[in-house]
Amino acid sequence: MRQAIKQKAGDGMDTETMYENLQNDLIRFAGSIARHNQEAEDLVQDALEKSLKEEELLDLPIYKQRAWFFRVMKNRLIDDRRRDKRLSGWEEELDFPEQPLAINRLEMTELLSHLTPEMGDLIFKRYWLGMTSKEIGDQLQVPAATIRYKLHFAIKKLRDILEEE
């Protein structure tokens, strides 16, 4: 990363010098808006990476450079929070309330046998083992959204089977 920072541009000021001039302010600002240190460090690193693509940034006065970094970090944080909110919202939407069924294990095994082995496995992991869709997705190397979709489809199929009986 250090070598990438040493890129020269414009009037002789390089990105490394700019970062050294702003480092304390950037870390302090990121720490004030982030939830924890790792998130703050990620914000600073992301802003630094973006600054490498903005050659005209080196020609700006230091107060404008600082403002640019602050805006980039704030926008990144807002994007991350929106994404997290959207993803957790989907997780909650698809997390159906558990209604106790008056069926025993044998009946449940019979019911799950109507599903494909993959769907039955997903239902088992989610509702018996209590794994989240993200954990299941990580295990199967599939996006969590795909797991949620397949769980939704499997539950719909189980409901249809129960209604028939």
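Helices (H or I, at least four residues) and strands (E, at least two) are taken here as DSSP runs, numbered from the N terminus. The model is predicted, so local features need pLDDT of at least 70 and side-chain atom pairs count only at pLDDT 80 or more, while totals for chains, interfaces and linings use all residues. Residues are numbered from 1 along each chain as its sequence is written, and side-chain values use heavy atoms, with hydrogens and water left out.

A good place to start is helix α6. Residues 117–128 form α6, and G130, which follows this helix, has a positive phi near 75°. The end C-alpha atoms of α6 are 15 Å apart, in agreement with the 16 Å that its twelve residues should span at 1.5 Å a residue (1.5 Å times one less than the number of residues). M119, G120, L122, I123, K125 and R126 are the buried residues of α6, where buried means under 20% relative accessible area (1.4 Å probe, protein chains only).

Helix α6 packs against helix α8 (residues 144–164) at an angle of about 100°, and the two axes lie 9 Å apart. This angle makes α6 roughly perpendicular to α8, a label given to angles of 65 to 115 degrees. Axes are lines fitted to C-alpha atoms over the stretch in contact, and angles run from 0 to 180 degrees between N-to-C directions. On the α6 side, the contact (heavy atoms within 4.5 Å) is made by E118, M119, L122, I123, R126 and Y127. On the α8 side, the contributors are I147, K150, L151, F153, A154, I155 and L158.

Notes: Parallel < 35°, antiparallel > 145°, perpendicular 65-115°, else oblique. Buried < 20%, exposed > 50% of the residue type's maximum accessible area, 1.4 Å probe, protein only.
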